[in-house]
Structure formats: C-alpha cells, structure tokens
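Trainee: I have a chain open on the screen and would like to go through its basic features with you.

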Amino acid sequence: MKKMRKFIVAVCCVAVTALSLFVSCSKSEAVSDEKEITIGIVAPLSGNVAVYGTEALNGIKLAVQEINAAGGWNGKQIKLIIEDDEGNPEKSVNVYKKLTAKDGVRMIIGSLTSGCVQAMTGLAQMQKVLVIAPAATMPSITDAGDFIFRMCFIDPFQGRVMGEYAKKNLGFNTAAVLYDPGSDYSSGLYESFTKAFEQSGGKIVAAESYAGGDKDFNAQLTKIKSTNPECIYLPDYYATVMLIAKQLRAQGITAQLLGGDGWAGIQEYAGEELEGAYFSDHYIADSKDPAVVKFVSVYRDAYKQTPTAFAVLGYDSVYLLGDAIKKTNSTDPSVLKDTLATMEGQYVTGKLRFDSKRNPIKAMVVVGLTKNAEGKVATVYKDTVNP
C-alpha cells in the first residue's frame, strides 16, 4: 500500500512538472507571438525638471513614430507606457513598480536625473528588467549590475574635460566653484572639474556651496568676488544656474561662466548674464553632421522648437535598444543585456561603444552662449573633445 502511494505521488509530481513546463512554454510562445513590443518610459513630465522629461519624451516618441512607420522591429510595432515621476526618486520607484507589476514591462527607458534612475536600479537588477538611462551621468548608476545601461557620458568625464579645457584651451589660471554638496550631480562635477583644473596647472581660489532649493546666493558670491577668479564653474541644472548668474552679474562679477550638461536648454530662458559662457553637452543642434541635421529638421517639424540634448538622448536610446532587439530577434532582457554590452554603433550623438561598466565611450561637445542676430542668447558650437 505504501509503495502504491509513493507511486501515485511520483506520477502526480511528474504530471505537475510536465504541466508547468507546458504552461511555461506556452507563455513563452505567446510572448513571441505578440504584435507589439512594449517599452516603459519613466520621466519627469511635471516638477522642477519637467523640461528635461518633456524633451526626452518628444525624442522617444519621434523615434517610435519613425520605426513604427517603417514596419517596427522585426515586424512588430512599438508600444509605449509612459509614467511621470516628477523628478522625485520615491515616485520613480512607485511608477517602476506599476510598470513592472501591473503592466508587465521588462524594458524601461528612463528616468532623466541620476537620483531618480538610481532609485530604480536595485529593483531592476534583482528582477532582471533592462534599464537604459538617457541622461543620468552619475558614475554609480550602473553599479547595480549588468541590466543597467546609459546613453550619456558620465560626470567624471565631462567634469575632467571642462577642467582641462578651461586651463589649456581658454587659458584661465584661476577659477571658483559654486555647487550643491547635497546633489550627486553637482558635487560630482565639482570634484572632477577641480581636480582636472588643478592638475592642468590652474588654481581654485574659492569653493562655495549652497543647499538645494536656495534662492539667494549673494553671501557666497561676495566671498567669490573677493578672490577675483577668471572663471566660475556652476555645476547645476539650468533653473538654479540662471538665478546664480543674475545675482553674480548684479554684484559686478565679470568672470567667465562654465557649466555642465545640466545647462541644456538654458538659452531659451537666459539673458545677457550668460553671454560668453561655455558648457559641456552631448550634441549641439547647429552641427553640420548629416545625422544631426536630419534629426533637428524632423524634430523642428514635429514640435516647432529646437531639440536639446535630452531630446536626442531619448531618441538615441530607442534606436540603441532597437538595434539589440533586431540583432538578437529577442525581447528577453537577459539576452539583450549581453548583446548591448558588446555593441558599437553610430547614433545622432556620435559613435558609441560601452566600457566594462556599461557606460558609453563617446565624444563631448563644448557649447558656447552668444547673442545672435536677433539679440537673443543662443548656443554655438565651440569644440568636440574625444574620449
């Protein structure tokens, strides 16, 4: 009787295992037969950095429209599920969970700022969800693991390049820095710029700080003014930079202003206080590169404005993911991550390949701000610095 019971249990276990395998295979086949490829988008579409999210989303949508019109990827149309994280890391986690748990998303493009991306990466790595961050430049973003990629260069690269450029190309011997130590982005750029400027033979004569959300910088600027720097590095996002620049000029400080890619789009809001400034970026709209010319033309037709780097990084992120999907004929994140890690390609922001931490090795553009024929502050290409 005991032997019979053991036999029945064994048969049942085999049956359950076989059924599980059948269901698993059936689900796999169903996924491969789906008519659409779903991508989750996380971006700040409201809040203080909404301009970044809106620009990136415009670029993403433009890429998807082009791809779907051309027949999609491997014959499948792309579907976007878009979530607004308001530039808030806690909300980034909430929308990530919604996308993965409710919508079943396994591939995400976003978010835009480093803190928001980093809030999601631990979960994404654990759950084997592929994440491509268009513009998160903080180095530790990809430390979570091999399912995390980015489309942009990292802060140590752009901070180092601007530090060297300030001394070697612009000829400045003294510099001051005003930064937010509570921001990984701002403090990271501060550290890499300062180190590179000093190693190039320059001298940092002042390093002042402020808290995120501050509106009055006059006390710090008074100290900076007393050191008479030739240039001032402002590693923050455009909204804060504009406030600082206005107060700085009001105090009579005439030093050249320098910044990072967080300045992207600043020309749309800035006045003469930023005339003559330089900042690092991922591309510039007036480039003569055929890929840039084509992208800018199509984007302007679609949105009636000139695209910033956030738009082109969003656009490139879609095409990067598509190249991996077409190459592997798969949407399995475990397959895609291995292919992405070894890929090299030419995109609107230039030729790209990944280092061992899945950070792009690519060129940086130095952008100038100057008055155009209409008397408005506009961007102008200054230089390209290769890695």
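Trainee: How many helices and strands does the chain have?
Mentor: Bear in mind that this is a predicted model. Counting both kinds of element along the chain gives 11 helices and 15 strands.

Trainee: What does the C-alpha trace span along its principal axes?
Mentor: The extent is taken along the principal axes of the chain. For the C-alpha trace, the three values are about 95 × 45 × 35 Å.

Trainee: What share of the residues counts as buried?
Mentor: A residue is buried when its relative accessible area is under 20%. C152, at 0%, is buried by that rule, and C231, also with 0% relative accessibility, counts as buried. Over the 387 residues of the chain, the buried share is 51%.

Trainee: What share of the exposed area do carbon and sulfur atoms supply?
Mentor: The chain exposes about 17,300 Å². Of that area, the part from carbon and sulfur atoms is 52%.

Trainee: How many disulfides does the count come to, and why is C152 not bonded to C116?
Mentor: A disulfide needs two cysteine sulfur atoms within 2.5 Å. The cysteine sulfur closest to that of C152 belongs to C116, and because the two are 14 Å apart, they are too far for a bond. For the chain, the number of disulfides is 0.

Trainee: How far apart are the mean positions of the positive and negative charges?
Mentor: The chain carries 41 positive and 42 negative charges. Taking the mean position of each set, the distance between them is 8 Å.

Note on methods
Residues are numbered from 1 along each chain as its sequence is written. This is a predicted model: local features need pLDDT of at least 70, side-chain atom pairs count only at pLDDT 80 or more; totals for chains, interfaces and linings use all residues. Side-chain values use heavy atoms; hydrogens and water are left out. Helices (H or I, at least four residues) and strands (E, at least two) are DSSP runs, numbered from the N terminus. Buried means under 20% relative accessible area, exposed over 50%, partly exposed in between (1.4 Å probe, protein chains only). Accessible areas come from the Shrake-Rupley method with a 1.4 Å probe; for residues, only the protein chains shown count as cover. Lys and Arg count as positive and Asp and Glu as negative; His and the chain ends are not counted. The place of a charge is taken as NZ of Lys, CZ of Arg, CG of Asp or CD of Glu.
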